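Hello,

I am passing a structure on to you, and I hope you enjoy looking through it. Please open it first, then read my notes alongside.

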Amino acid sequence: MTTRTKEDLVQLTLAQAAHLVERKEVSPVDLVEVSLEKIAAVNKWLNAYITVYEDEARQVAKAAEAMIVAGHRLGPLHGIPIGLKDNIGLKGLRTTAGSKVLADWVPDQDATVAARLKGAGAIVIGKTNLHEFAWGGTSANPHYGFVRNPWDTERFPAGSSGGSGAAVAARTCYGALGTDTGGSVRLPAAVNGIAGIRPTIGRVSNYGVIPLAWSMDTVGPLTRTVEDCAVMFNVIAGPDPKDNGCANVPVEDYTSDLKRGVEGIRIGIVPDYFFHHLQPAVHNAVREALGTLENLGASAIDVNVENIQGNISAQLTVESCEPSAYHQRWLRERPEAYGEDVRLLLELGEMHLATHYIQAQRYRQLLRQEFLEAFKSVDVFICPTLPFTATPVGEMSVIIENDVEEDMLSAIMQFTGVPSLTGLPSLNVPCGYDNDNLPIGMQIIGRPFDEATLFRVGAAFQEATDFHTRAPAL
Amino acid sequence: MIERIEVSEATVRTLADLAGLPLAEGREGLLAPQLSEWLTAANELNRKMSEPKYLMVTPATVFTHPSTQEETNDY
């Protein structure tokens with residue numbers, strides 16, 4: 001079916017691979033084989049996967065090949081190998097959430113997002129590693145191994161969807177799903193040099209996904225390009241009667257505006273916050289990215305968001321209290337089953353007062369209203385995704401400036417917390433590399449349910465730059 | 001600016017008892033420094049959200065209705 005080399009196949013984007021499968025120029029069997037070979041070659045270094053479905057993926061690939069030869073294409077992901085974060089349920093297959101607590105848990109239903117991917121023809125090639133129960137930003141998993149960054153395996157891949165980020169960047173699959181509560185899709189996307197979107201709360205179903213913090217949890221794709229991200233998003237977005245939190249809002253074709261450019265797009269900047277307290281390389285890369293977009297016809301506008309300070313505390317309060325409620329029984333019955341860092345966070349979450357939690361939830365409304373007001377004069381906001389590049393594996397603190405050590409958790413969510421608290425969609429796009437060749441990402445934040453504009457801006461940036469075409473040398 | 005709270009190990013033990021959390025021995029010392037940071041910041045947020053101009057702000061955890069949804073979509 002194909003005369004392309006294995007390396008040619010590995011380097012295809014998701015959209016390219018899907019197109020070639022549709023044209024019968026590439027077989028799903030070959031895509032699965034090159035992906036499995038790549039996993040076999042690199043997973044021992046990366047720990048990106050907890051479970052790999054070798055036999056199942058090969059069987060599904062053969063069926064997918066037969067179907068496409070017979071002229072039947074299931075959907076836009078027909079025959080494409082995809083990774084799923086291991087807190088997303090798959091019927092009949094263990095779903096660990098990266099934990100010992102659920103090490104043997106086998107769901108009896110697919111998560112809605114998994115069912116939609118499979119319905120569109122995707123082949124789930126494996127379950128990706130994560131920070132235990134998604135409660136942390138490093139993916140240093142004590143039960144299934146620390147996930148490592150393919151750009152430098154001595155560095156972390158961020159998290160909590162670190163396995164999904166590393167798996168995609170290392171070309172072991174063409175896309176992966178992650179979950180994002182406080183930044184867990186965008187952070188690994190940024191430090192692994194790939195695209196990743198946190199959707200508007202309610203845009204994508206959470207049904208069948210193990211929760212972290214119910215009021216902020218979302219599911220989003222991580223992919224090599226913005227176009228790939230839009231293709232996957234088309235499949236998973238939309239109302240779900242099984243999830244009461246899922247909004248009954250029509251789904252657009254998120255690929256339709258990818259070539260529209262950014263002429264006339266107004267980009268909001270909050271200079272006192274979004275360009276404050278970050279490493280110089282990150283500052284410069286995001287500022288240069290803004291310049292690129294201005295050269296393409298966008299305009300940058302300084303915006304004041306009066307109450308943006310305080311968002312980290314609100315996030316820590318909500319994101320610690322809600323998981324502690326979910327884990328209350330296990331924490332009492334099997335505290336030793338948790339890794340030390342997650343156990344500590346769950347115990348801390350029991351020690352806030354109710355008024356702290358309620359004030360944090362009120363703050364979220366306040367901040368959201370301020371952003372919605374600001375969106376009357378801008379179309380998107382742009383800021384760094386995180387204030388530093390990948391840190392050494394296992395570090396619990398980070399130095400951003402002035403030799404001051406800071407707690408990793410608070411530092412890492414400095415910029416991702418705003419969309420998480422406000423429910424706004426946010427797309428990470430690679431925008432540079434530091435002196436150690438470590439990727440830098442920027443966030444494009446949009447209006448509720450306006451993911452199409454994020455993809456539009458991100459695609460225009462990728463049309464003008466080549467950061468997304470670079471691959472780690474593994 | 002709210003003064004920094006120093007949570008003692010004894011306070012951690014009391015909070016755990018109040019929550020019905022059987023805290024293993026020795027964990028108070030691990031929790032106290034982080035809890036001091038977090039509660040200081042949380043009290044600062046309490047102060048902000050108690051300002052008279054924000055008294056009408058409702059928590060994010062309310063039931064939503066179709067009309068709210070439509071209004072949100074205007075943006």
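Below is what was found, from the whole of chain A down to a few of its parts.

Please keep in mind that this is a predicted model.

**Chain A as a whole**

Chain A contains 17 helices and 15 strands. Its C-alpha trace extends about 60 × 60 × 45 Å along the principal axes. For 474 residues, a compact globule would have a radius of gyration near 23 Å, and the 21 Å of chain A agrees with that. Of those 474 residues, 64% are buried. If you take the contacts in chain A between residues at least 6 apart in sequence, 77% of them join residues at least 24 apart.

**Strand β6 and its neighbours**

A good place to start is strand β6 of chain A, residues 175-180. 6 of its 6 residues are buried, so the strand is largely enclosed by the rest of the structure. Which residues point which way? G175(A), L177(A) and T179(A) point to one side of β6(A), while A176(A), G178(A) and D180(A) point the other way, and all are buried.

β6(A) pairs with strand β2 of chain A (residues 81-85) through 3 bridges, and these two run parallel. With strand β8 (residues 218-223) of chain A, β6(A) shares 6 bridges, and here the strands run antiparallel. A176(A) is a handy residue to look for: G83(A) stands opposite it, and its bridge partner in β8(A) is L222(A).

**Helix α8**

Next, have a look at helix α8 of chain A, residues 226-236. 11 of its 11 residues are buried, so this helix too is largely enclosed by the rest of the structure. Among the buried residues are C229(A), M232(A), F233(A) and I236(A), and also the charged-letter entries E227(A) and D228(A). Just after α8(A) comes G238(A), with a positive phi of about 130°.

**Where chain A meets chain B**

Two packed helices are described by the angle between their axes and the distance between the axes. Helix α13 of chain A (residues 340-349) and helix α2 of chain B (residues 28-49) have axes that come within 10 Å and cross at roughly 55°. The two are therefore oblique to each other, and the crossing is right-handed. On the α13(A) side the contact is made by L344(A), E347(A) and L348(A), and on the α2(B) side by L30(B), L31(B), Q34(B), L35(B) and W38(B).

Happy exploring, and best wishes

Terms used:
Residues numbered from 1 in each chain as written. Chains lettered and ligands numbered in written order. Predicted model: local features only at pLDDT ≥ 70, side-chain atom pairs only at ≥ 80, totals over all residues. Buried ≥ 20, exposed ≤ 12 C-beta atoms within 10 Å, placed from the backbone. Helix = DSSP H or I, 4+ residues; strand = E, 2+ residues; numbered from the N terminus. Pairing = 2+ DSSP bridges. Rg over C-alpha atoms; globule rule 2.2 N^0.38 Å. Contact = placed C-beta atoms within 7 Å. Axes fitted to C-alpha atoms, helices over the stretch in contact; angles between N-to-C directions. Parallel < 35°, antiparallel > 145°, perpendicular 65-115°, else oblique. Left-handed = near helix turned anticlockwise from the far one by under 90°.
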